[in-house]
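Biologist: Could you take me through how one reads a helix, a pocket and a set of ring pairs in a model of this kind?

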Amino acid sequence: MTPTTSGRAPGRPRTGVNAVVFAATLSTVEELGYARATVERIAATAGIAKTTIYRRWPSKGELIVDCLLDAFGPVPLAGAGRAELMSSAIRWIAAKIGEPGVGDAFAGVFSDAVSDPVLRKVLSTRLQDPYRLALQDALGEPQNRVLFLIDVVVGTLLHRMGMTGEPMVDDDVAALTEMVVPHFADAACPT
């Protein structure tokens with residue numbers, strides 16, 4: 001009798017595990033809140049063992065960062081000029097933070113990073129830096145000005161969510177955009 005071999009490793013197929021875990025993460029965070037969305041509960045929602053999650057992500061914070069990267073995708077840098085580009089970026093991040101579970105996950109991991117230097121580094125290098133660099137390139141602005149733009153916009157959006165439990169409404173996003181864009185769009189890039 002000749003043994004048969006399949007083209008895959010033994011055990012359950014792993015295709016799509018990240019997508020299942022990310023969906024389970026956001027739904028668990030939306031349902032229970034960030035603090036109560038433990039890796040064990042996320043694993044149960046995903047229908048997988050928590051060891052499967054810990055093999056890929058050594059901490060809840062790192063799982064959340066990758067989940068947010070997946071949820072955000074690349075920043076759409078569209079527009080005829082600096083003002084349009086910034087306006088579209090502000091509307092984009094406001095919409096993303098308003099998606100179910102995303103704002104809660106972002107605020108939660110951000111809060112945890114305040115007292116966790118390892119998580120703060122992960123959050124900074126893996127989540128913030130790619131978006132900061134894309135904006136720097138698109139706007140031709142130095143790092144400190146782009147970081148300030150990110151601080152003002154994301155900080156405002158997360159503050160509103162923390163204070164009201166709801167994402168910022170469209171009229172308020174428009175007002176935020178009207179306040180922020182002139183400061184950056186009209187200013188000459190410092191040398």
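Modeller: We will go through one helix, then the largest pocket, then the aromatic pairs, keeping in mind throughout that the model is predicted.

Biologist: Where should I begin with helix α4, and what span does it have?

Modeller: One sets the end-to-end reach beside the expected one: α4 covers residues 60-72, has 13 residues, and reaches 18 Å from its first C-alpha to its last, close to the 18 Å expected at 1.5 Å a residue. Just after α4 comes Gly 73, whose phi is positive, near 65 degrees.

Biologist: Is α4 enclosed or open, and which helices help to cover its buried residues?

Modeller: A residue counts as buried when its relative accessible area is under 20%. By that cut-off 11 of the 13 residues of α4 are buried, so the helix is largely enclosed by the rest of the structure; among them are Lys 60, Glu 62 and Asp 66, as well as Leu 63, Ile 64 and Phe 72. The cover over these buried residues includes α1, α2, α3, α5, α6 and α7.

Biologist: How many residues line the largest pocket, and what is their character?

Modeller: For a pocket one asks about volume, lining and chemistry in turn. The largest pocket holds about 600 Å³ of space and is lined by 25 residues, with Phe 106, Gln 128, Ile 150, Asp 151 and Val 154 lying nearest its centre. Helices α5, α6, α7 and α8 each supply at least two residues of that lining, which divides into 20 nonpolar, three polar and two charged residues.

Biologist: How many aromatic pairs are there, and how is the geometry of Phe 22 and Trp 57 classed?

Modeller: One looks at the distance between ring centres and the angle between ring planes, and a search of the whole structure finds five aromatic pairs. In the pair of Phe 22 and Trp 57 the centres are 5.6 Å apart and the planes lie at 55 degrees, so the pair is tilted. This pair links distant parts of the chain, since Phe 22 sits in helix α1 and Trp 57 in the loop between α3 and α4, 35 residues apart. Phe 22 is buried at 8% relative accessibility, and Trp 57 is buried at 3%.

Modeller: For Phe 72 and Tyr 131 the centres are 6.2 Å apart and the planes are at 80 degrees, so that pair is edge-to-face. Because Phe 72 lies in α4 and Tyr 131 in α7, the pair ties together parts that are 59 residues apart in sequence.

Biologist: Which residues form an aromatic cluster with Phe 72?

Modeller: Trp 92, Phe 106 and Tyr 131 form one aromatic cluster with Phe 72.

Key:
Residues numbered from 1 in each chain as written. Predicted model: local features only at pLDDT ≥ 70, side-chain atom pairs only at ≥ 80, totals over all residues. Heavy atoms only, no water. Helix = DSSP H or I, 4+ residues; strand = E, 2+ residues; numbered from the N terminus. Expected span 1.5 Å × (residues − 1). Buried < 20%, exposed > 50% of the residue type's maximum accessible area, 1.4 Å probe, protein only. Contact = heavy atoms within 4.5 Å. 1 Å grid on protein atoms, 1.4 Å probe; cavity = no way out; pocket = protein on both sides within 12 Å on 5 of 7 lines; lining within 4 Å. Points joined across faces, edges and corners; volume = space filled by probe spheres on them. Nonpolar A, V, L, I, M, F, W, Y, C, P; charged D, E, K, R; others polar. Phe/Tyr/Trp six-rings, centres within 6.5 Å; stacked < 30°, edge-to-face > 60°.
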